[in-house]
Amino acid sequence: MPKQKTHKGIAKRVKVTANGKLKHHKGFHSHILTKKSGNRKRQLRKAKLLSKSYQKKYKKLLHG
């Protein structure tokens, strides 16, 4: 059986931490920023860990 390929779309959007968790950046921070509060934009800057349900799905796509 052939090897499963890495899903490149996920690989570009997600990084694996040292503990094996998946880290990603939040959306909604590229344009139309004038109506968003400073606090909201500051929170969007930070990277966030994926939820457990997504981590399971995405790890399969990443590591084949």
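## Gln-55, a tyrosine pair and the fold around them

At 12% relative accessibility, Gln-55 counts as buried, because buried means under 20%. The model described here is a predicted one. Gln-55 sits in helix H3. Leaving aside residues up to four places away in sequence, Gln-55 touches Gly-20, Lys-21, Leu-22 and Leu-50. With Leu-50 there is also a polar link: a polar atom of the Gln-55 side chain lies 2.9 Å from the backbone oxygen of Leu-50.

**The chain as a whole**

The protein chain contains 3 helices and 3 strands. Read from the N terminus on, its elements follow the order α-β-β-α-β-α. Along the principal axes, the C-alpha atoms fill a box of roughly 50 × 25 × 20 Å. The radius of gyration of the protein chain is 15 Å, whereas a compact globule of 64 residues would have one near 11 Å.

Of the 64 residues in the protein chain, 14% are buried. The chain exposes about 5,800 Å², and carbon and sulfur atoms supply 55% of this area. Among contacts between residues at least 6 apart in sequence, 56% join residues at least 24 apart.

**The nonpolar core**

Which residues form the largest nonpolar core? This core has 5 residues, namely Ile-10, Val-14, Leu-22, Leu-50 and Leu-62. Two of these names, Leu-22 and Leu-50, have already appeared as residues that Gln-55 touches. Another core residue, Ile-10, touches Tyr-58, Leu-61 and Leu-62, again not counting residues up to four places away in sequence.

**The tyrosine pair**

A pair of aromatic rings is described by the distance of the centres and the angle of the planes. The count of aromatic pairs in this model comes to 1. The rings of Tyr-54 and Tyr-58 have centres 5.7 Å apart and planes at 55 degrees, so the pair is tilted. An angle under 30 degrees would have counted as stacked and one over 60 as edge-to-face.

How many residues apart are Tyr-54 and Tyr-58 in helix H3? They are 4 residues apart in this helix, which covers residues 52-63, so about one helical turn separates them. Tyr-54 has 41% relative accessibility and counts as partly exposed. Tyr-58, at 22%, also counts as partly exposed.

**The loop between S2 and H2**

Strand S2 (22-25) and helix H2 (38-45) are joined by a loop, and Lys-36 has its place there. Is Lys-36 buried or exposed? At 11% relative accessibility, Lys-36 counts as buried. Not counting residues up to four places away in sequence, Lys-36 touches Phe-28, His-31 and Lys-41.

Phe-28 is found in the loop between S2 and H2, and Ile-32 lies in the loop between S2 and H2 as well. Phe-28 has a positive phi although it is a residue other than glycine, and Ile-32 likewise has a positive phi in a residue other than glycine. The table gives the values for these two residues.

| Residue | Phi | Relative accessibility | Class |
|---|---|---|---|
| Phe-28 | near 65 degrees | 66% | exposed |
| Ile-32 | near 55 degrees | 48% | partly exposed |

Phe-28 therefore counts as exposed, since its 66% is over 50%. Ile-32, at 48%, falls between the limits of 20% and 50% and therefore counts as partly exposed.

Definitions and conventions: Residues are numbered from 1 along each chain as its sequence is written. This is a predicted model: local features need pLDDT of at least 70, side-chain atom pairs count only at pLDDT 80 or more; totals for chains, interfaces and linings use all residues. Side-chain values use heavy atoms; hydrogens and water are left out. Rings of Phe, Tyr and Trp (its six-membered ring) pair if their centres lie within 6.5 Å; planes under 30 degrees apart count as stacked, over 60 as edge-to-face and the rest as tilted. Helices (H or I, at least four residues) and strands (E, at least two) are DSSP runs, numbered from the N terminus. Buried means under 20% relative accessible area, exposed over 50%, partly exposed in between (1.4 Å probe, protein chains only). Contact means heavy atoms within 4.5 Å. A nonpolar core is a set of buried Ala, Val, Leu, Ile, Met, Phe, Trp, Tyr and Cys residues joined through side-chain atoms within 4.5 Å. The radius of gyration is taken over C-alpha atoms; the globule rule is 2.2 Å times the number of residues to the power 0.38. Accessible areas come from the Shrake-Rupley method with a 1.4 Å probe; for residues, only the protein chains shown count as cover. A polar contact is a pair of N or O atoms within 3.5 Å; within protein, one must be able to donate a hydrogen and the other to accept it, and residues adjacent in sequence count only if both atoms are side-chain atoms.
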